[in-house]
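Good morning, colleagues. Please bring the structure up on your screens, and I shall begin once everyone has it.

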2 protein chains.
Amino acid sequence: MTTTSDPTTQAAAPAADRPETAAAPAPAPAAATATTGPARPGPRIDVTALHDSLLGRWPQWRSAARAHAAEPRFWKDESLSMAEHRKRVLAQCHQLAEDPRHQVWLGFPERLGGGGSPGANLAGFEELAIGDPSLQIKAGVQWGLFASAIWQLGTPEQQDRWLPGAMDLSVPGAFAMTETGHGSDVAAVGTTATYDPDTQEFVIHTPFRGAWKDYLGNGAEDGLAATVFARLVTGGVDYGVHCFYVPIRSSDGEFLPGVGGEDDGLKGGLRGIDNGRLWFDQVRVPRENLLARYGQVAEDGTYTSPIASPGRRFFTMLGALVQGRVSLDGAAGTASRIGLAIAVRYGSVRRQFAAATPDEEVVLLDYATHRRRLIPRIAETYALHYAHERLLDLFDDVFSGREDTEDKRADLETMAAAMKATSTAFALDTLQECREACGGAGFLTENRITSLRADLDVYATFEGDNTVLLQLVAKRLVGDFGKSLGAQVTTPEGKARFVAGRAVDTLLHRTPLRRAAQTVADVVTRPGAVFDVETQRALLADRVAAKVEAVALALRPARKADPVTAQRIFDRHQVALLDAARSHAEQVRWELFTEAVDATPDAGTRTVLGWLRDVYALTVVERDLGWFVVNGRLAASRARALEAELDALLRRLRPHALDLVAAWGLTDDHLRAAVATGAEKARQDEAREYYAAQRAAGTAPQTEKSARKSAKS
Amino acid sequence: MTTTSDPTTQAAAPAADRPETAAAPAPAPAAATATTGPARPGPRIDVTALHDSLLGRWPQWRSAARAHAAEPRFWKDESLSMAEHRKRVLAQCHQLAEDPRHQVWLGFPERLGGGGSPGANLAGFEELAIGDPSLQIKAGVQWGLFASAIWQLGTPEQQDRWLPGAMDLSVPGAFAMTETGHGSDVAAVGTTATYDPDTQEFVIHTPFRGAWKDYLGNGAEDGLAATVFARLVTGGVDYGVHCFYVPIRSSDGEFLPGVGGEDDGLKGGLRGIDNGRLWFDQVRVPRENLLARYGQVAEDGTYTSPIASPGRRFFTMLGALVQGRVSLDGAAGTASRIGLAIAVRYGSVRRQFAAATPDEEVVLLDYATHRRRLIPRIAETYALHYAHERLLDLFDDVFSGREDTEDKRADLETMAAAMKATSTAFALDTLQECREACGGAGFLTENRITSLRADLDVYATFEGDNTVLLQLVAKRLVGDFGKSLGAQVTTPEGKARFVAGRAVDTLLHRTPLRRAAQTVADVVTRPGAVFDVETQRALLADRVAAKVEAVALALRPARKADPVTAQRIFDRHQVALLDAARSHAEQVRWELFTEAVDATPDAGTRTVLGWLRDVYALTVVERDLGWFVVNGRLAASRARALEAELDALLRRLRPHALDLVAAWGLTDDHLRAAVATGAEKARQDEAREYYAAQRAAGTAPQTEKSARKSAKS
C-alpha cells in the first residue's frame, strides 16, 4: 500500500503507465464549443483559465476523479433492478479500493498507506456523484463514515487493527448511528453498551424497536462489521453515546449470533445502496472494541476521558465526523452543475414559438423567463463553489492536523452545517427547475435530471437534517453575539478577546458582524447602488447582524426562565433563528464569491464573473426584499427598480451562459443527456433545412390567409 | 352499456349488489382518530360535516372513485419492473372500462352509454391518482384525450363510429399531438396531412425527426389507433392543425405499414405508462378520418369550416381538450392531501429532542418551524380545493352543453390554465416538504411520498407547460384590462359592455378588478387589519389590478411597434406578466376559499376554516411582502408584525391540524405509508413504556453528572 498526497507527483505519472486504471486525464473544457455565433464585442471569459482555477486547491486529484467519473464502468445504469444496482455499486467500490492511485485513501494516515490529505480526498469524493450518486454515498459510507469513525474515534492501535480492512474494503462496514427513533437527536439513541467487568466485555443491546439502527448503508447486505453508537454504561452510570466496533456478519454474509435486521427496501433514490436496519440482542464484544480516543473503560470498569464535560465530549466525537457534511456540500454543487449544464446547453439550441422573425423560432434562453430560471442559478452555483472551496480548506487545515484548534473546529462545523443545509436544498430546487426547463424531455430518464434529483433528495435530511443544521448555525451566531456583548462591556483584555474572536469570524465574513443600519440606508437610495460591491457587502452583512441581534435579544429572557417558559420563548423565535442562519450562509457565499472575483487575473473573466456575483447579490436581496425595505435598508424606489435591474444583468450575461457552464469542465460523458449533447441541435438543423429547401423549391403550401388574399385579387 | 349520471341512483344501488366490483362505499372519516388528548376549549371542527361538504357537487361519484382507489387491485405496486408496471396499469384500465358503474364514461354522450356528466367524470378521475398516478394518466390518455378528441372534434357520425371502441378500451389509443420538436407551440407541429383528391385520402407524413410524435401514452405498446394532429394541406393551402383518426397497429400489436416509432423508455415517474414516439411515412387514411366538427374537406378537396378565422378555429379545437388541465389541477390537490396527511399524522406522534420536560421529547408539530412547514400548506390545499370545485362547475356547465358560450369557454380555459399551472407546482413543493418533514423515513418508498412526487413531476410540464400557461393567463388579464380601458373612454354602450365583462370576471373575482390603491394603504396601517376579510380582499384584488395595469401599460407601445421592437418590449415585461398571473391565481383561490368559509353552517368549523383562510392570506402576503410594502399597500409596521402574527395563527391552528387532515377522508388504505398509519406511534409508545418501567424498577443508569455529584457528596 503506497500512495502520495502530492498532486504534482500524480500528475507527472501519466495514467497510461497504469494499465489497470482506464482513467484518462480529464479533458480540458472545449472553449470552442462554448462560443456561439460571431465574435461579440465586450468582455469575454477565458474558459480554460477559469476552468483551471475552478479545479481548486487539488486540481490533479479533482481532475483524476472526474476522469474516473467519465468512465462507463462508473456510470449509473438506469436499467438495473435494485438488486443488480446494489451489486454494481459494490463492485465499483472495489474498483475504487483497488485503483493504484488510491484516491479514496488520501485522507487516511500515511503510515497505513493513506495520503494524509483529507481535503484532496474530499475533492475527489464529491466528483463521484457524476458517475452515480449511489457510488458517492456507498463510498462515503465505507471510507467517509465507517473507516473515518475508526480513524477519528479510535486509538492508533485500533486504527492499525481495523483501518486496513476498512480501507481495502475486505471488511465492508456500516455506520450504525441513526436509529428508527432518533436521527437528528443522536444523544438520545436507545442502544446500550453495558460493560461487564467479569468478562471484560461490552454487551451491545437494542431495548426496543425504536432503537433499531436504521437507514444504514452496507446494513442490508454487504456490511461485515459496524461502528455502532450506543450509550456506554459502566458501574451503573450512563456516560453517554460512544462508538464501538462490532462484527455483524460472518464472511458468508450470515448475521452473527445475536445480530439481526432487515432491508430498508426501495427508496426514493440511491437504490444502489443496501440501506438496512440492525438490532443487537445482548451481543458481546471485547472491551477493546470501544473506540477509545475520547473515552476509555479500564478492566475494572472505571471510565476515563480526556474531555471532562460530557456535552463537549459528545460534540467532539460528532464533530470528528463532519466530513460527510463537507462532501455533501460538494456533491450538491456537482449535481447543480450537471443539471444546469444540461438545461443551459438545451436552452441554447431548443427553439419554440416564432416571434420577431416568422421563419425562425426563438431560442429558449432568449426568453426573459428562461434566463430568470437558469442564470441566477448559475450565479448561485458559482457562489456555492467558492464557499465550498473555502470549506475544503478549513477541513484540510483541521483534519490534516496542521491547524487542529478548538476554534477552527467550531468554525468548520458551523460552516459545514450552514453550507450543507443550504446547498442541498438549492441543488434539489435547481434540478427541478432544470428538469422543467427541458420540458417533457427533461422527464425522460435518458436525460438524466430526474434520476439525479431522486438520488440527491435524501441529501436534505441525512448527515444532519437541514432544519436541525440551520438551528445549530443560528445558535452559534447568537452565541457569538452574546460573547461580543459581554466582551464589549468588560475589561480591555475581554475586548481584545472579542476582537480576536471576530477576527476568526472575519475569516468567513470579511466584515465585522455589526454595522450601523444608518450607513446602509443612506447608501441604498442612490440609483445603481446595488451594483456597488461595498453596498452589497453592507446590505448582506448588516442583514445578518440585524437578524442575529434581534433574535439574540429576544431569546435573552429564556436564559433565566423556567423550562416551560424558556421553551415558549424559543418557540416564538425559532422561525427567525433559521432565517438568520440562511442569511448568514448567503453572506458567506457572497464574500467568498467576491474574493474569487477580485483574485481573477484575466480582465474579461473578472468582469463577467463580477456581473455574475452581482446577479447573486441581487437575487439574494430580491428574495428577502420585504426585509430590506421594511427595515429601512433599501429605499422603496430602489426596491421597485430591482426587478428590471436584475433582468438587465441577465440579458448582459446571456451571451456568456454557455461559457460559464463550459468552465465547469463537464464533458458529454459526464452529462450523458441526449437532449444536451447534440440530439436537439441535429433536430433543429434538420427541420430548418427542410423548410428552407421547401421554400427554395417553391413547394411550401400557402397559408390560408394568403390563399384568401390571392382568391380575392 | 347503460349507466346514469344521477349519483342518488348510484348511491341507492349498494356495491354489494355487484359482486364483480369490490368497491365498498368510502368509509366516513374517523373523526375519533382525528382528535388527540383531552377535550380542548374553543371552537372545534365538525369533521364529518366538513368531509361531506368537501366531497363537492358529485359526492357519490367522488366517494365511489375513492373507494375504488382503496382497493389493492388499483394500488401502485412499487416492486414491479417497468414492463410489469405497464401491464398492470393496462389491466387496471380494463377493469375501469368493465366496471358496471362505468364512471370513466360519465362524461360521454348518453346515446353512447355515457352519463352526460363531464364534471362527475372528472371528480372521479382525479381520485384515481390515490391508487396510482400512472392509472390516472393512462386513463386520462384513453378517455380524457384520445376518446375526448373523437367526442369533441368529431361529428356525431364519427363519434358513433369510433367512440364505442375508445370507451370500452377495445381500441386503446394515443393522443398524438406533441412532437419532439414542438410541445407548447402546437400550431407549429411538422406532421402534415395532405389531401389527395384522386383517392379521396389524406396522406399523413412526418417530414423530419423533430416532427415525430413524442411522449404519447399508449404510444410505445398498447395503442391501436391515434388521434393525430397534423397540418391539413389541400389544394396547396395549409389550413393549420387538424386532428385525424389514424389506425397505427394491427390487433396483434404490430405497426401498420408506414407507421413506426420507438419507446420513450424509462421516465422520472409514471412508469406504468407506455410513452412512446410515432412517425408516419406517407400513411393514407380515408377522407372521413378527418375529425370534422371544426373543419371539413369535400371530395374535390375544398376546405370549409364553421369558424372562419384560422386562429380562432385552432384555439377552439385546443380549447375542446381543456379537461386534461382541469383533472391535473384536481390530481395536484389529491397528491398534496396525501403528502400532507402523511406528514401531519407522522408529525403528530413523532418526537425528537427533549425540551421543557426532560423525560418527554417534543412532538414535531409542536415546533414552530414544523408548523410553518406544514400548516400553511394545509391552508393552501384547502384554497386549491375550493377553487378546483368552482373549476369543475365551470367545466360541467360548458361541456354538458348547459352553458356552452364563448365567454364561458374563455373563462374556463383561463381558470384551468391559472389553476393547473400553480397547483401542480404547489403539489411538487408540498410533497418535497412533506418528504423532508418525515426525515429519512420520508425517503423510503414504503412511505409513499417520494414515489408520488416522482409521478407528479411531469404534471408541471404536460397538458401545457406551466410557464406557457401562466403567460396565457396573463395575456387574458392584460386583454381584459385593455378592453375595460376602451370601454371606459367610449360610449355608454361600451361602458355597459365593460361592466358586463366585469360581471363575468366577478364570477371568479367576486370583486371588481380595479380598486384604488389609496384605500388599501389607508387600511393596512392598523394593527390586526390583516385579519380583516375586507382588508385581505382589498390587498389581493388590488395587487392583481396594479400588476396587470402596470404591465398592460408597459406593453402598449408594442402594439404599434415593428416585430423586433415589439419582441424587445415583450421581453422586458415577461417576468412581470407571469408574476401577475400567479397573483391572479392566488386572488381567485382566496375568494373561493372565503366564499366556502362563509357558506359553512357549523359555527366551530366556520371559525377554524376562517383562521385557515387567514393563514392562506397571510402566507400569500408574506411571500410577496416586498411588493406590498414597496407599493405602499402595507405599512412597514404591519409588514414587520406579519411573521409573528402568522406564527400566532399557526399555534392557534395546531390543535386542529389532524382534524383538518381527517376531513379529507383519506384512510390508511389511501395513504399506505407505514410511518403515518400506526408504526411510529407504536414505537413511541413502546420506548416510553420501556423507560418508564426502567425508572419504576430503579434500574435506569445514573447520568454522569449525577454520579459525579454523588461521588463528591
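I shall speak about the domains, then the nonpolar core, and finally the internal cavities. Please bear in mind throughout that this is a predicted model.

Let me start with the domains of chain A. The assignment gives domain 1, covering 177-308, and domain 2, covering 322-692. Taken over C-alpha atoms, the centres of these two domains of chain A are 38 Å apart. To the contact between them, domain 1 of chain A contributes six residues and domain 2 of chain A contributes eight residues.

I turn now to the nonpolar core. The largest one has 350 residues, and the members that touch the most others are A:Trp143, A:Tyr382, B:Trp143 and B:Tyr382. Let us take A:Tyr382 as an example. Leaving aside residues up to four places away in sequence, A:Tyr382 touches A:Leu50, A:Leu54, A:Phe593, A:Leu609, A:Leu612, A:Leu660, A:Ala663 and A:Trp664.

My last topic is the cavities. How many cavities of 30 Å³ or more are there? The count comes to 11. The largest cavity holds about 150 Å³ of space. Its lining consists of 17 residues, and those closest to the centre are A:Leu54, A:Arg62, A:Arg66, A:Arg337 and A:His385. The elements giving two or more residues to this lining belong to chain A: helix 3 (47-54), helix 4 (59-69), helix 11 (323-347) and helix 12 (368-399). What is the chemical character of the lining of the largest cavity? Seven of its residues are charged, five are polar and five are nonpolar.

One residue links the last two topics: A:Leu54 is touched by A:Tyr382, and A:Leu54 also lines the largest cavity. Thank you for your attention.

Terms used
Residues numbered from 1 in each chain as written. Chains lettered and ligands numbered in written order. Predicted model: local features only at pLDDT ≥ 70, side-chain atom pairs only at ≥ 80, totals over all residues. Heavy atoms only, no water. Core = buried A, V, L, I, M, F, W, Y, C linked by side-chain atoms within 4.5 Å. Buried < 20%, exposed > 50% of the residue type's maximum accessible area, 1.4 Å probe, protein only. Contact = heavy atoms within 4.5 Å. 1 Å grid on protein atoms, 1.4 Å probe; cavity = no way out; pocket = protein on both sides within 12 Å on 5 of 7 lines; lining within 4 Å. Points joined across faces, edges and corners; volume = space filled by probe spheres on them. Helix = DSSP H or I, 4+ residues; strand = E, 2+ residues; numbered from the N terminus. Nonpolar A, V, L, I, M, F, W, Y, C, P; charged D, E, K, R; others polar. Domains from an automatic or database assignment.
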